[in-house]
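Let's take a walk through this model together. Have the sequence and the 3D view open as you read.

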Amino acid sequence: MSINLTASISTVGELFSDTKVFRIPEFQRPYSWDEEKALQLFEDLQIAYVDRERVNSGKYFLGTLIIKKDGQFNNCIVDGQQRLVTLTVILAVIRDLYDANYRADLQNILIRQANQTLLLDKSPRVHLRLADNENFFKWVITEGGTLRLTDEAPTLSTAKLLSVLKCLRTEVAKTYGNFWKGLATFILNECNLVIISTDALEMSYKLFKSVNNVGVPLDLMAIARAELLGREVNNQQICLEIAKAWDEIEVNLGTDSLQGYIMTVARLVNPECVKEEPFEAIRSIAKSPQLSAEFNVKLREFLLAYSALDNATIDFGPDSPQINRLVACILNTPFEDWRTAALFWLTQSKSAPESYKFFRALDGLCVGLSIPGIITNAKRAKRFEAIVQAIKEGTVLKTITSPIYLTDEERSKIKDKLETPMKGKTAISFKHLLLRLNAEVAAREAPLQFPENVEIEHVLPQKPKAGAWQAHFPDVSERERLTYLLGNLALLTPSTNKKATNLSFSDKKAKIFSMKQNNCFALTANIAAYPEWTPEVIRHRHNELIQHAKNVMAL
């Protein structure tokens with residue numbers, strides 16, 4: 001099969017002429033330039049414009065644009081999106097500053113006009129990904145759009161675009177007259193790009209990797225994204241799903257966490273790359289068709305599993321509610337190390353009973369390791385790496401010494417911690433444990449409550465006033481020990497907690513330990529069932545909570 005490959009030099013004006021339209025495919029990274037990068041391009045263009053008479057005969061080189069022809073009139077941007085979109089933004093900002101005639105001329109460049117003889121509809125010259133295109137059209141392509149910017153952006157990409165738009169609009173507003181008009185004319189007529197085009201996706205994809213493997217390598221995220229989604233470009237549905245999951249991980253967890261997932265998959269398919277830098281690891285996998293195919297399959301499974309995991313909506317059949325309730329509890333763990341292990345488990349197509357056993361064990365481990373002093377952050381990270389390895393080997397649920405279960409030493413430490421009075425600020429560090437125990441005592445059909453803004457209240461006050469409290473707790477040393485015991489702790493919202501402090505128990509029951517008083521915690525509402533708050537009650541409640549903790553963590 002012959003492959004059409006052409007290379008040419010084109011001005012921006014020629015690029016935005018005739019019937020041509022450019023689309024950003026779903027497999028591409030979203031628009032990601034920040035204000036600094038966009039401003040740098042804008043300033044470089046201004047300098048080149050001012051020096052046009054004496055530098056390179058006024059010509060300015062903008063770089064390379066790699067496109068894959070998609071039919072007679074459409075072009076798929078494989079590389080060069082950031083510059084092309086930013087150039088479009090610059091022209092749109094300048095457009096909205098000038099008189100109607102010049103504004104109309106620029107607008108006709110940014111939009112391809114309809115042509116009945118060619119069966120062409122009116123269309124923007126540049127289309128972003130589906131998730132971002134509506135806002136791009138409203139803010140950039142629509143005449144006057146740069147003057148009507150909002151503060152709301154639905155995606156990280158549109159947030160970047162909005163930030164760049166506001167920055168460039170501010171810069172352009174500093175100078176009036178014909179300078180910007182001249183700059184726009186210079187961009188359209190004197191700024192050149194090398195256009196490499198092909199009608200074969202595989203060839204354009206290889207060109208993309210070749211161009212970006214020279215010198216300083218492209219961001220690992222961009223390479224991995226192209227590795228994964230470039231091959232799915234003809235399957236729009238799977239491409240959209242993967243792109244959405246990819247963006248969600250990057251927005252919610254950050255690029256570092258996404259890179260961690262990618263490297264986990266890389267090491268699963270090629271253990272020899274464990275000591276390699278991320279870019280080298282991806283490159284070495286890409287050289288092997290077999291490893292590359294396995295990498296793509298596993299990373300795709302990871303990404304598609306992420307959305308269901310993050311929303312606790314995984315399909316386990318009839319057992320879905322009880323397993324997803326465990327998943328929802330795990331999601332609120334105050335660290336993220338568990339995610340890779342959970343995602344990898346979900347790529348293994350395990351049965352519902354096995355998955356229930358796995359997530360129950362993972363939940364107990366996460367609760368136990370969230371208790372301060374049980375494990376260091378570094379050892380915790382290694383622990384979850386060991387769980388991934390055990391899943392890979394098929395042993396994660398088969399032995400009591402599996403890394404997914406708490407060790408005898410950890411269980412002993414946790415029991416000691418739970419029996420030791422939690423004095424001072426120590427109590428707040430047990431917030432996650434109390435929230436998890438609250439989920440344990442709540443009705444199965446009740447929504448889970450894991451609010452970020454929550455405080456720990458001592459039912460028996462830390463500094464009780466004279467009266468009933470002293471009458472029930474005459475022994476000072478015993479009173480202090482019971483004050484900081486787990487059984488004396490309650491969860492409250494901060495607004496409610498301000499009213500609590502040193503009130504008598506009867507007043508606390510009436511004002512805060514009731515579901516009628518905006519208290520969403522079953523663990524706290526249960527306190528209202530006690531007629532008095534005595535040493536015996538604290539010990540009884542303490543033992544109940546300890547038993548719930550043992551059930552959760554399999555102590």
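What follows is a tour of charged pairs, helices and a few unusual spots.

First, some ground rules. This is a predicted model, in which local features need pLDDT of at least 70 and side-chain atom pairs count only at pLDDT 80 or more, while totals for chains, interfaces and linings use all residues. Residues are numbered from 1 along each chain as its sequence is written, and side-chain values use heavy atoms, with hydrogens and water left out.

Let's start with helix H15, which spans residues 338-346 (helices, H or I with at least four residues, and strands, E with at least two, are DSSP runs numbered from the N terminus). This helix is mostly covered, with 8 of its 9 residues buried (buried is under 20% relative accessible area, exposed is over 50%, and partly exposed is in between, using a 1.4 Å probe and protein chains only). The buried ones are Trp 338, Arg 339, Thr 340, Ala 341, Ala 342, Leu 343, Phe 344 and Trp 345.

Arg 339 deserves a second look. Its relative accessibility is 4%, so Arg 339 counts as buried. What does its side chain meet in a salt bridge at 2.9 Å, N to O? The partner is Asp 310 (a salt bridge is a side-chain nitrogen of Lys or Arg within 4 Å of a carboxyl oxygen of Asp or Glu). Arg 339 sits in helix H15 and Asp 310 in helix H13 (residues 289-311), so this pair ties together parts that are 29 residues apart in sequence. Asp 310 itself is partly exposed, at a relative accessible area of 23%.

Arg 339 also forms a salt bridge with Glu 336, at 2.4 Å from N to O. Glu 336 is partly exposed, its relative accessible area being 39%.

Another charged pair is Asp 363 with Arg 436, whose closest N and O atoms are 2.7 Å apart in a salt bridge. The two link distant parts of the chain, 73 residues apart: Asp 363 belongs to helix H16 (residues 352-370) and Arg 436 to helix H19. Both Asp 363 and Arg 436 are buried. Back at the earlier pairs, salt bridges that share partners join Asp 310, Glu 336 and Arg 339 into one network. The whole structure holds 14 salt bridges.

Since Arg 436 took us to helix H19 (residues 431-441), have a look around there. H19 is mostly covered, with 8 of its 11 residues buried. Along with Arg 436, the buried residues include His 432, Leu 433, Leu 434 and Leu 435.

Now for an arginine in another setting. Arg 112 is found in strand S5 (residues 111-112). Which side chain of opposite charge is nearest to this buried residue? That would be Asp 121, 6.6 Å away, and Arg 112 has no salt bridge (Lys and Arg count as positive and Asp and Glu as negative, while His and the chain ends are not counted). The side chain of Arg 112 does reach backbone oxygens, though: that of Thr 19 at 3.0 Å, and that of Asp 121 at 3.1 Å.

Next, see how two helices sit together. H21 (residues 476-483) packs with H25 (residues 535-553) at an angle of about 30 degrees, their axes 11 Å apart (axes are lines fitted to C-alpha atoms, for helices over the stretch in contact, and angles run from 0 to 180 degrees between N-to-C directions). That makes H21 roughly parallel to H25 (roughly parallel covers angles under 35 degrees).

Just past H25, in the segment after that helix, is Ala 554. Ala 554 has a positive phi of about 55 degrees, although it is not a glycine. Most residues other than glycine have a negative phi. At 49% relative accessibility, Ala 554 counts as partly exposed.

Asp 18 is another non-glycine residue with a positive phi, about 55 degrees. You'll find Asp 18 in the loop between helix H1 (12-15) and strand S2 (21-23). Asp 18 is exposed, with 61% relative accessible area.

One last stop is Ser 506, in helix H23 (residues 505-511). Ser 506 counts as partly exposed, at 48% relative accessibility. Ser 506 and Glu 532 are 26 residues apart in sequence, and their C-alpha atoms are 7.7 Å apart in space.

Key: A polar contact is a pair of N or O atoms within 3.5 Å; within protein, one must be able to donate a hydrogen and the other to accept it, and residues adjacent in sequence count only if both atoms are side-chain atoms. Angles under 35 degrees count as roughly parallel, over 145 as roughly antiparallel, 65 to 115 as roughly perpendicular and the rest as oblique.
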